[in-house]
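Open the structure in your viewer and keep the selection tool ready. This tour goes stop by stop: select, look, move on.

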Amino acid sequence: PQLDILFLPMNDWHFRTQRPQQIALALARRGYRCFYLSPHLGREFPNPVRLSRTPCYRAIAPNVWEIHTGLAAEPVFHHRRLTEAESKNLARQIERAAGELSIRRLAMISQFPLWNGCAAILRERLGAPLLYDCHDLLSGFSNISAEILADELLLFQQADSVVFSAKSLLEKKVAEIPWLGEKARLV
């Protein structure tokens, strides 16, 4: 079966069209089904009734779907890491969506360390490989928590491959983490 791709993004699809959306749209044009997880984890719905254990999804472009999930304590996704329980809950919801959407072979593109726990669970349960799309210098953002910044090292370790958006970013990270050079590529 065709490979389906789950995006674990840094920003909402509708925030601003940037690299994540461009990659998803390019892959979709090549026939891949792309699923973009909303990082708001339920906060985008004004009515709490929408915050359920059942994921919802909608087509936002040909071959691209947005997945909405909810958590009991809705985090602002860049202020703190997800707890182990939240990561498990999120993984269960994504697995449910995968079943409902007939996803058979899944690959993940993570663009933010917030998703580390969930990605590890999905890798174990679904055999989904993980690519880290390192497209920003996270330490350059003042609104990202220190614990999420520290979790980037774990994401580098977890990822099967790491792609960088700029040569200077790749060189900086490989200078800080020499073993990263083995799986780092510029895209």
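## Stop 1: a hairpin and its neighbours

Select A61 and V64: V64, in β4, is the bridge partner of A61. Keep in mind that this is a predicted model.

Now widen the selection to strand β3, residues 56-61, together with β4. The two strands run antiparallel, and 5 bridges join them. Between them the hairpin has 2 residues. Click on N63. In this hairpin, N63 takes a positive phi near 70 degrees.

Next, add strand β2, residues 33-37. How do β2 and β4 pair, in the parallel or the antiparallel sense? They pair in the parallel sense, over 4 bridges. To see one pairing, select Y36 and E66. E66, in β4, is the bridge partner of Y36.

Stay on β4, residues 64-68, and show the surroundings. Of its 5 residues, 4 are buried, so the strand is largely enclosed by the rest of the structure.

## Stop 2: the nonpolar cores

Nonpolar side chains tend to be buried together in soluble globular proteins. Here is how that topic looks in this model.

Select L6 and F164. The largest nonpolar core has 41 residues, and these two touch the most other members. Which helix gives the most to this core? Select residues 84-100: helix α2 gives the most, with 5 residues.

There is also a second, separate core, with 11 residues. Among them are I5, F7, L27 and I109. Colour the two cores separately.

Return to F164 and show its contacts. Leaving aside residues up to four places away in sequence, F164 touches R19, C134, F156, L169, L170, K173, L180, A184, R185, L186 and V187. Keep L169, L170 and K173 selected for the next stop.

## Stop 3: the two sides of helix α5

Select residues 167-176, which form helix α5. Which residues are buried here? L169, L170 and K173 are. They cover an arc of only 100 degrees around the axis, which puts them on the same side of α5.

Turn the helix around. On the other side of α5, K167, S168 and A175 are exposed.

Turn back to the buried residues and show what they pack against. Their partners are β6 (130-134), α4 (146-158), β7 (161-164) and β8 (184-186).

## Stop 4: a charged pair on the same helix

Side chains of opposite charge can pair when their charged atoms come close. Select K173 again and add E176. The two form a salt bridge, with the closest N and O atoms 3.4 Å apart. They are 3 residues apart in helix α5, separated by about one helical turn.

Compare their surroundings. K173 counts as buried, at 8% relative accessibility. E176 is partly exposed, with a relative accessible area of 44%.

Now add E152 and K172. A network of salt bridges links E152, K172, K173 and E176.

## Stop 5: more salt bridges

How many salt bridges does the structure hold? It holds 14. Two further pairs are worth a click.

Select E147 and R81. Their side chains meet in a salt bridge, at 3.4 Å from N to O. E147 lies in helix α4, and R81 lies in the loop between β4 and α2, so the pair ties together parts that are 66 residues apart in sequence. E147 is partly exposed, with a relative accessible area of 28%. R81 also counts as partly exposed, at 34% relative accessibility.

Then select E84 and K88. They form a salt bridge too, with the closest N and O atoms 3.2 Å apart. Both lie in helix α2, 4 residues apart, about one turn of the helix. E84 counts as exposed, at 58% relative accessibility. K88 is partly exposed, with a relative accessible area of 35%.

## Stop 6: a polar residue inside

For the last stop, select N116. Where does N116 sit? Its place is in helix α3, residues 116-126.

Is N116 buried or exposed? N116 is buried, with a relative accessible area of 5%. Show its side chain and measure to D151. The side chain of N116 reaches the backbone oxygen of D151 at 3.0 Å.

Finish by displaying the contacts of N116. Setting aside residues up to four places away in sequence, N116 touches D151, L154, L155 and Q158.

Terms used: Residues numbered from 1 in each chain as written. Predicted model: local features only at pLDDT ≥ 70, side-chain atom pairs only at ≥ 80, totals over all residues. Heavy atoms only, no water. Buried < 20%, exposed > 50% of the residue type's maximum accessible area, 1.4 Å probe, protein only. Arc of directions from axis to C-beta. Contact = heavy atoms within 4.5 Å. Core = buried A, V, L, I, M, F, W, Y, C linked by side-chain atoms within 4.5 Å. Pairing = 2+ DSSP bridges. Polar contact = N/O pair within 3.5 Å; in protein donor to acceptor, adjacent residues only side chain to side chain. Salt bridge = Lys/Arg side-chain N within 4 Å of Asp/Glu carboxyl O.
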